Amino acid sequence: MANKNKLMIPPQGGMVRDFILRVKLILRLVGDKRISPWLKLIPIGGLLYLISPIDLIPDIAFPIIGELDDAAVLWITNYFFVELCPPEIVNEHLKALSASRSSVDDDDIVEGEAVEIKGVKK
């Protein structure tokens, strides 16, 4: 089986950062006029499912599993949206996002140590 050139958002240093990067990427792709309006219906459909009263697995009958199906639908719709978008456009937006991130990251971090001093009286 041939290895498909699969898009993958590179890890950015944590689950929260990766989530924020993915949300920003999806928002940028939805706003991009080069992306087909039909493709833009995928993440919008995921959000509509989240707020709609219709559920595949009701939250009342199965409290934890009911919430997980909502998260799974959001993840699947967003995953397929990014995968179905043209790779060159996705990579363009990823480069722009990583360029804006890199200007703030490591240069602004100051390393140091904290020392607690005991027995000092005023």
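**Figure 1. Helices α2 and α3 are roughly antiparallel to each other.** In this predicted model, the axes of α2 (residues 37-51) and α3 come within 8 Å and cross at roughly 175°. Since angles over 145 degrees count as roughly antiparallel, the crossing of roughly 175° places α2 and α3 in that class. From α2, the contact is made by Leu39, Lys40, Ile42, Pro43, Gly46, Leu47, Tyr49 and Leu50. From α3, Asp69, Asp70, Val73, Leu74, Thr77, Asn78, Phe81 and Leu84 take part. By residue class, the contact of α2 with α3 divides into 10 nonpolar, three polar and three charged residues.

**Figure 2. Close-up of Gly46 in helix α2.** The relative accessibility of Gly46 is 1%, and the residue counts as buried. Leaving out residues up to four places away in sequence, Gly46 touches Leu74 and Thr77. Both of these partners are listed among the α3 residues in the contact with α2. Gly46 and Ala72 are 26 residues apart in sequence, and their C-alpha atoms are 9.7 Å apart in space.

**Figure 3. Helices α1 and α3 are oblique to each other.** Helix α1 spans residues 15-31 and packs against α3 at an angle of about 55°, with the axes 11 Å apart. An angle of about 55° is neither under 35 degrees nor in the range of 65 to 115, and α1 and α3 are therefore oblique. The crossing of α1 past α3 is left-handed. On the α1 side the residues that meet α3 are Arg22, Leu25, Ile26, Leu29 and Val30. On the α3 side they are Asn78, Tyr79, Phe81 and Val82. Seven nonpolar residues, one polar and one charged make up the contact of α1 with α3.

**Figure 4. Close-up of Asn78 in helix α3.** Asn78 has a relative accessible area of 18% and is buried; the cut-off for this class is under 20%. Apart from its neighbours within four places in sequence, Asn78 is in contact with Arg22, Ile26 and Pro43. Arg22 and Ile26 belong to the α1 residues that meet α3, whereas Pro43 is one of the α2 residues in the contact with α3. Asn78 itself is listed in the contact of α3 with α1 and in the contact of α3 with α2.

**Figure 5. Trp75, Tyr79 and Phe80 form one aromatic cluster.** The structure holds two aromatic pairs. The ring centres of Trp75 and Tyr79 are 5.4 Å apart and the ring planes are at 15°, so this pair is stacked. Trp75 and Tyr79 both lie in helix α3 (residues 63-84), four residues apart, which is about one turn of the helix. Tyr79 and Phe80 form an edge-to-face pair, with 5.6 Å from centre to centre and 70° between the planes. Planes under 30 degrees apart count as stacked and those over 60 as edge-to-face. Tyr79 takes part in the pair with Trp75 and in the pair with Phe80.

**Figure 6. Solvent accessibility of Trp75, Tyr79 and Phe80.** Trp75 is exposed, at a relative accessible area of 54%. Tyr79, at 22%, is partly exposed. Phe80 also counts as partly exposed, with a relative accessibility of 45%. Tyr79 is listed among the α3 residues that meet α1.

**Figure 7. Close-up of Asp32 in the loop between α1 and α2.** Asp32 is buried, with a relative accessible area of 9%. Not counting residues up to four places away in sequence, Asp32 touches Lys40, Ile89 and His93. Lys40 is also one of the α2 residues in the contact with α3. In sequence, Asp32 and Ile89 are 57 residues apart; in space, their C-alpha atoms are 8.9 Å apart.

**Figure 8. Overview of the protein, with four helices and zero strands.** From the N terminus on, the elements run α-α-α-α. The protein has 122 residues, of which 24% count as buried. Among contacts with a separation of 6 or more, residues 24 or more positions apart account for 65%. The pair of Gly46 and Ala72, 26 residues apart in sequence, and the pair of Asp32 and Ile89, 57 residues apart, are shown in the close-ups above.

Notes:
Residues are numbered from 1 along each chain as its sequence is written. This is a predicted model: local features need pLDDT of at least 70, side-chain atom pairs count only at pLDDT 80 or more; totals for chains, interfaces and linings use all residues. Side-chain values use heavy atoms; hydrogens and water are left out. Rings of Phe, Tyr and Trp (its six-membered ring) pair if their centres lie within 6.5 Å; planes under 30 degrees apart count as stacked, over 60 as edge-to-face and the rest as tilted. Helices (H or I, at least four residues) and strands (E, at least two) are DSSP runs, numbered from the N terminus. Buried means under 20% relative accessible area, exposed over 50%, partly exposed in between (1.4 Å probe, protein chains only). Axes are lines fitted to C-alpha atoms, for helices over the stretch in contact, and angles run from 0 to 180 degrees between N-to-C directions. A crossing is left-handed if the near helix is turned anticlockwise from the far one by less than a right angle, and right-handed if clockwise. Contact means heavy atoms within 4.5 Å. Ala, Val, Leu, Ile, Met, Phe, Trp, Tyr, Cys and Pro count as nonpolar, Asp, Glu, Lys and Arg as charged, and the others, Gly among them, as polar.
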